[in-house]
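Let's take a walk through this one together. Have a look at the fold first, and then we'll go through it piece by piece.

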Amino acid sequence: MIVADADEDYQSAMHKMDQAHIRHLPVVSGGRLLSMLSIRDLMRIDMQDKGEEIRYLREYLFQVPPDIPRTRQ
């Protein structure tokens with residue numbers, strides 16, 4: 001049976017699910033079932049993570065020093 005450990009990161013869990021062609025993954029710790037993850041749960045986390053990364057990169061790329069006036073292009 002394919003399972004995820006409680007402290008496993010979401011990318012690892014997604015990889016396991018992809019490799020096994022499954023959409024649900026039990027999360028266990030010490031031989032006890034803690035929860036069940038779905039691919040939809042993990043995709044939501046991944047989308048949030050990517051959204052934060054894109055926001056950070058946009059701020060980094062388009063930052064304008066305070067002494068330079070902003071112009072529209």
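How many aromatic pairs does a search of the whole structure find? Just one turns up, and keep in mind that we're looking at a predicted model. The partners are Tyr-56 and Tyr-60, with ring centres 6.5 Å apart and planes at 20°. Planes under 30 degrees apart count as stacked, so this pair is a stacked one.

Where do these two tyrosines sit? They belong to helix H2, which covers residues 39-61. Because they are four residues apart in that helix, about one helical turn separates Tyr-56 from Tyr-60. Are they buried or exposed? Both Tyr-56 and Tyr-60 are exposed.

Stay on helix H2 for a moment, since Asp-46 has its place there too. Asp-46 has a relative accessible area of 15%, and buried means under 20%, so Asp-46 counts as buried. Which residues does Asp-46 touch, leaving aside those up to four places away in sequence? The answer is Tyr-10 and Met-14.

Now over to the strands. Three of them make up an open sheet, in the order E1-E2-E3, and the pairing is mixed. Strand E1 (4-5) and strand E3 (32-38) are the edge strands, each pairing on one side only. Strand E2, residues 24-29, runs antiparallel to E3, and six bridges join the two. If you'd like a spot to find that pairing on screen, try Val-27: its bridge partner in E3 is Ser-35.

Key:
Residues numbered from 1 in each chain as written. Predicted model: local features only at pLDDT ≥ 70, side-chain atom pairs only at ≥ 80, totals over all residues. Heavy atoms only, no water. Pairing = 2+ DSSP bridges. Phe/Tyr/Trp six-rings, centres within 6.5 Å; stacked < 30°, edge-to-face > 60°. Buried < 20%, exposed > 50% of the residue type's maximum accessible area, 1.4 Å probe, protein only. Contact = heavy atoms within 4.5 Å.
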